[in-house]
Amino acid sequence: MEFILRSGDIDNRMGTFSEQAMLEGGRIHRMIQKRMGADYSAEVPLAFLYEGDGIDITVEGRADGIIVNDSGVTIDEIKSTYADVMKYREAKPLHLAQAKFYAYMYALSEGIEDIKVRITYCNIETEEIKYFHESCTFKSLEKFVNEVLKNYEKWAKMELEWIEKRNTSIKGLAFPFPYRDGQEELVKQVYYTICHKKKLFIEAPTGVGKTVSTVYPSVCALGQEKAEKIFYLTAKTITRTVAADCLDILREEGLRIKGIVLTSKEKICMTGDKECNPEACPYAKGHFDRVNAALFDMLTHEEAYTRETIEAYAAKHMVCPFEMGLDASSFSDFIIGDYNYAFDPQARLKRFFADGVTGKYIFLIDEAHNLVDRARSMYSASISKEMFLDLKRLSATDVPGIAKRAESCNKQMLVLKRACDNVLFNPPIDAFLRSLERLYAHLEKVLQDKEKKGREKEKLTITGEQREALLEHYFDIAEFLNIYDRVDDNYKVYCSYDSKGDFYLRLFCVNPRTNLEECMQKACSSILFSATLLPVQYYKELLAGTEEDYEVYAQSVFNPDKRGILIANDVTSKYTRRSDSEYLKIARYIDSIVSERNGNYMVFFPSYGFLNKVYEAFTDVADLSDATVLCQNTGMREDEREQFLNAFNDSSDENTLIGFCVMGGIFAEGIDLKNDSLIGAIIVGTGIPQVCLEQDIIKGFFDKRGENGYDFAYRFPGMNKVLQAAGRVIRTEEDIGVVALLDERFKEIGYRRLFPREWDNAEFTDIASISSKVERFWNEWL
């Protein structure tokens with residue numbers, strides 16, 4: 001109903017229907033249904049078969065209520081809202097249409113000629129109710145229903161015909177390359193996992209071809225209708241491009257598949273200001289009047305829905321490209337996007353992943369090591385005392401109802417602040433939450449530009465700037481309340497102060513396992529892969545793996561001897577050892593390594609501060625007459641990043657180029673410098689996160705569970721950064737390069753057991769022998 005009958009503008013000024021409001025809406029439905037008499041039947045399932053032109057369509061739904069008494073039959077459709085229902089003059093057309101469909105289904109099944117519909121609107125906060133009634137004949141309902149379904153028929157036919165074309169193309173689809181060693185086995189493992197509806201954790205060293213090795217068997221499973229859609233989920237833009245390129249390669253082999261790359265609103269907005277209302281954006285005005293025509297045009301002429309393709313059709317039909325892209329995903333077989341489209345409770349695609357929505361999906365989760373921290377961030381929330389003071393300032397004159405409720409929240413936060421010296425764990429927040437919910441409900445009402453009835457009346461005269469600020473706070477509160485509903489034993493709730501001294505309340509998701517498991521249950525199978533998924537049991541614990549799920553260590557196709565692994569046993573980045581003499585020794589190590597062969601090197605440091613200290617020492621000891629040093633800076637713009645990387649692609653082996661970078665940063669993973677673009681990676685330190693409150697919370701959490709908390713909080717995340725940085729060097733079978741680990745802690749068994757199999761040839765060195773060992777390595781291969 002919503003798809004076929006939608007019309008009008010996109011208008012973000014009308015507020016949003018949040019998950020919190022949906023929960024309250026469910027309560028309102030149950031309340032109204034319980035109040036009805038014996039002649040009222042609630043949640044009645046209805047269905048009928050529409051016989052169209054060469055196609056049968058089953059229409060199903062669940063009526064909120066059906067009233068059967070002496071005056072006849074009435075279909076009740078209940079809608080809850082924060083708006084003032086007493087000001088409604090008529091039922092919303094879409095709500096009325098929905099009720100008429102239920103009325104037709106019931107009349108058809110019972111042989112009734114006359115039937116009534118009732119739209120019941122209820123205010124969530126006041127529980128005020130307003131009814132709208134309409135009497136219908138069976139013939140009028142039959143005409144209306146047939147008109148809607150005739151319109152829908154072309155979409156259903158298009159989809160059925162497409163699935164047949166797609167599946168036919170998949171039947172004869174061959175793997176697009178000669179199999180590398182171990183690759184065919186990996187492809188079979190992925191397919192086997194999908195067939196058995198499990199998860200698979202893949203440690204896939206660079207060169208295995210993990211993208212095509214996961215995409216190809218998933219597409220084969222799609223063709224056998226073991227799944228309806230494939231979601232390729234990743235944290236970085238570059239890997240989304242790789243996935244799209246993989247589909248293009250399979251298309252060259254004869255595959256017919258509709259694939260879409262989802263682009264954020266910030267990047268794809270046609271006006272650039274993201275003001276989604278008909279006054280500010282011509283694409284928002286009348287969007288829903290035109291979007292179905294735009295969508296049908298693109299779906300029937302294209303199969304690869306890239307950003308450029310979506311923008312072209314959106315411009316042609318004057319519709320919002322972001323919203324059109326989301327609609328196109330409903331008709332796509334292969335959806336490529338950021339993790340948040342599937343996992344983030346605030347941003348996930350509710351058309352696929354909302355409560356009650358079911359589907360047969362395959363999740364391909366690339367660079368899965370990134371999902372741990374991303375998930376912790378997605379499922380955590382904070383709220384500051386300063387926000388309530390800002391709300392008071394924004395609304396004191398024009399919207400005193402908001403100011404009053406914000407002050408109530410501020411007082412509750414003040415109580416918590418007085419009890420908190422530095423950190424307060426498990427603070428008593430029940431009273432604060434009640435105040436926050438009242439503030440949230442009032443903000444929802446204000447943002448729908450309504451007046452409040454009762455003792456307190458407000459004429460809302462807020463400016464656009466005020467409204468934008470209120471909307472931002474509204475979303476922050478909505479996120480906090482939604483996350484609070486998830487709080488369980490995997491969370492730690494605490495109060496503290498930020499670097500500016502502002503007091504805040506934090507809901508910190510220590511172990512995202514339960515939340516991720518809830519999301520992955522929406523998929524029939526999840527394939528999680530990365531070049532650095534070690535130790536795999538750590539990732540299985542945090543990424544919702546079970547004992548029944550599978551794990552595989554893919555065989556590397558590279559000759560491990562082409563990568564020299566050198567471990568310095570007389571230097572460290574330990575905080576207690578940091579000094580000018582240690583910085584100088586590290587600088588000498590770097591100089592000794594890069595002096596043995598001209599070419600491109602990257603040096604990775606634990607922090608910008610450490611980088612700068614070593615850079616100062618390096619410029620004192622190194623001969624830079626034939627060398628250039630580039631330093632990564634904080635907050636580099638996109639064009640600056642491109643210039644940095646282009647310097648490595650464009651340089652020759654007659655000179656030396658050294659990039660000083662930060663471990664875990666933008667140049668430490670996700671970049672692909674092949675052949676002589678990078679011949680050495682020098683890694684300073686073990687990459688462990690900086691000691692801080694939340695890392696210590698993680699440590700304590702897993703210590704209490706009998707695990708090694710230090711490993712979970714520090715060693716494992718740090719080693720992942722090391723492995724990612726080291727992985728920048730060998731990208732093809734022809735590549736040759738050196739990896740130097742400059743920290744004596746790598747000698748410890750706790751670190752050595754985390755080395756990948758390909759590092760069995762690692763050898764120890766010191767400042768006196770580093771030059772000779774690097775020279776020997778290059779002499780063996782050049």
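Here is a quick look at charged side chains in this predicted model.

Let's start with the salt bridges, of which the structure holds 37. Three of them are listed here.

| Positive partner | Negative partner | N to O distance |
|---|---|---|
| R6 | D327 | 3.0 Å |
| K157 | D53 | 3.7 Å |
| K150 | E153 | 3.7 Å |

Take R6 and D327, whose side chains pair up at 3.0 Å, N to O. R6 sits in the loop between α1 (2–5) and α2 (19–35), while D327 belongs to helix α11 (residues 321–329), so this pair ties together parts that are 321 residues apart in sequence. Both R6 and D327 are buried.

Next up is the salt bridge between K157 and D53, at 3.7 Å. Here K157 comes from helix α4 (residues 138–171) and D53 from the loop between β1 (40–51) and β2 (56–69), so the two tie together parts that are 104 residues apart in sequence. K157 counts as partly exposed because its relative accessibility is 25%.

Helix α4 also has a local pair: E153 and K150 are three residues apart, or about one helical turn. E153 is buried because its relative accessible area is 3%, whereas K150, at 47%, is partly exposed. Through shared partners, salt bridges link D53, K150, E153 and K157 into one network.

And the unpaired charges? On the surface, E465, E468, E472 and D476 gather in a patch of negative charge. One of them, E468, lies in helix α18 (residues 464–484). With 51% relative accessibility, E468 counts as exposed, since the cut-off is over 50%.

Notes. Residues are numbered from 1 along each chain as its sequence is written. This is a predicted model: local features need pLDDT of at least 70, side-chain atom pairs count only at pLDDT 80 or more; totals for chains, interfaces and linings use all residues. Side-chain values use heavy atoms; hydrogens and water are left out. Patches are made of residues with over 30% relative accessible area and no salt bridge: like charges are joined within 9 Å, nonpolar side chains (Val, Leu, Ile, Met, Phe, Trp, Tyr) within 5 Å. Accessible areas come from the Shrake-Rupley method with a 1.4 Å probe; for residues, only the protein chains shown count as cover. A salt bridge is a side-chain nitrogen of Lys or Arg within 4 Å of a carboxyl oxygen of Asp or Glu. Lys and Arg count as positive and Asp and Glu as negative; His and the chain ends are not counted. The place of a charge is taken as NZ of Lys, CZ of Arg, CG of Asp or CD of Glu. Helices (H or I, at least four residues) and strands (E, at least two) are DSSP runs, numbered from the N terminus. Buried means under 20% relative accessible area, exposed over 50%, partly exposed in between (1.4 Å probe, protein chains only).
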